[in-house]
Amino acid sequence: MTEAELKSHIRGIPDFPKPGILFYDISTLLRHGPAWKEATSQLAERVAAHKPDVLAGIESRGFLLAAPMALALGLGFVMLRKKGKLPGGTVGLDYQLEYGTDRIEIQDDAIQPGQRVVLLDDLLATGGTMAAGVALLRKVGAVVPATAVMIELTFLKGRERLDLPVETLLAYDD
């Protein structure tokens, strides 16, 4: 499927979650089996080029990409979650968002030092959450060769906050 064909499965919802925002809803893509399979396959091919040992997903929609992709590539999958959601020992990182602060955590034994980890999320907007995820993975000893997203809002310039390649399946320029 072409980029235009995949985009036809993503709907824009105006004024969500607040007035003036156009929300790109991937749920319509997820419920269309052939399009979902194709999108995952295309992104997996790009991710595989970075030779990861493990894939990591950012809560929660990043899990929808990283988990099936890890399975398809024969890799492990780890979760970056909000504070207090993971059992056992965790390592966390507080970070700034354009509207406040947040915290993400990873289990302290999820990554072995030196493992190559590609970080996935559904969307790259301003880059704050993705940059925090990369920093957290590096904090626990991961080598992060790239990140990957299904959708990039290029006009928000989120990739400029990252010091590594960003693999993007679908880009929106406005």
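Here are four exercises with worked solutions on the predicted model shown above.

**Exercise 1: The sheet**

Work out in which order the seven strands of the open sheet are arranged, and which strands stand at its edges.

*Solution.* Start with the order, which reads 5-6-4-3-7-8-9, with mixed pairing. Now look at the two ends: strand 5 (90–97) and strand 9 (166–172) each have a single partner strand, so one side of each lacks a neighbour in the sheet. On average, neighbouring strands are turned by 25° against each other, direction ignored.

Next, pick one pair from the middle of that order. Strand 3 (residues 54–58) runs parallel to strand 4 (residues 76–82), and five bridges join them. To find your place in this pair, locate Gly57, which stands opposite Met79 in strand 4.

Finally, add two helices that pack on the sheet. Helix 4 (residues 61–73) touches strand 3, strand 4, strand 7 and strand 8, and its direction makes about 165° with that of strand 3. Helix 3 (residues 33–48) touches strand 3, strand 7 (117–124), strand 8 (147–153) and strand 9, and its direction makes about 140° with that of strand 9.

**Exercise 2: The nonpolar cores**

Find which residues have the most contacts inside the largest nonpolar core, and which element gives the most to this core.

*Solution.* The largest nonpolar core holds 26 residues, and Leu80, Ile106, Ile111, Leu119 and Leu137 have the most contacts inside it. Then sort by element: two or more residues come from each of strand 3, strand 4, strand 5, strand 6 (100–107), strand 7 and helix 5 (128–139). Helix 5 gives the most, with five residues.

Zoom in on Leu137. Leaving aside residues up to four places away in sequence, Leu137 touches Ala56, Leu80, Ile106, Ile111, Val117, Leu119, Ala142 and Val144.

One more step remains, since there is also a second, separate core. This one has 25 residues, including Tyr24, Trp36, Ala148 and Met150.

**Exercise 3: A salt bridge inside a helix**

Explain how Glu3 and Lys7 are placed in helix 1, and decide whether each is buried, partly exposed or exposed.

*Solution.* First, the bridge: the side chains of Glu3 and Lys7 meet with an N to O distance of 3.3 Å. Second, the spacing: the two residues lie four residues apart in helix 1 (residues 3–7), so about one helical turn separates them. Third, the accessibility: Glu3 has 38% relative accessibility and therefore counts as partly exposed. Lys7, with a relative accessible area of 24%, is partly exposed too.

**Exercise 4: Salt bridges between distant parts of the chain**

Compare the salt bridge of Asp122 and Arg61 with that of Lys82 and Asp102, giving the elements they link and the accessibility of each residue.

*Solution.* Take Asp122 and Arg61, whose side chains meet at 2.6 Å, N to O. This pair links strand 7, which holds Asp122, to helix 4, which holds Arg61, across 61 residues. Asp122 has 7% relative accessibility, under the 20% limit, so Asp122 is buried. Arg61 is partly exposed at 35%.

Now turn to Lys82 and Asp102, with their closest N and O atoms 3.9 Å apart. Here the link runs from strand 4, with Lys82, to strand 6, with Asp102, 20 residues apart. Lys82 is partly exposed at 40% relative accessibility, and Asp102 is partly exposed at 24%.

To finish, place these pairs in context. The model has nine salt bridges by the rule applied, and Asp94, Arg103 and Glu105 are linked in a network of them.

Definitions and conventions. Residues are numbered from 1 along each chain as its sequence is written. This is a predicted model: local features need pLDDT of at least 70, side-chain atom pairs count only at pLDDT 80 or more; totals for chains, interfaces and linings use all residues. Side-chain values use heavy atoms; hydrogens and water are left out. Two strands pair if DSSP finds at least two bridges between them. Axes are lines fitted to C-alpha atoms, for helices over the stretch in contact, and angles run from 0 to 180 degrees between N-to-C directions. Contact means heavy atoms within 4.5 Å. A nonpolar core is a set of buried Ala, Val, Leu, Ile, Met, Phe, Trp, Tyr and Cys residues joined through side-chain atoms within 4.5 Å. Buried means under 20% relative accessible area, exposed over 50%, partly exposed in between (1.4 Å probe, protein chains only). A salt bridge is a side-chain nitrogen of Lys or Arg within 4 Å of a carboxyl oxygen of Asp or Glu.
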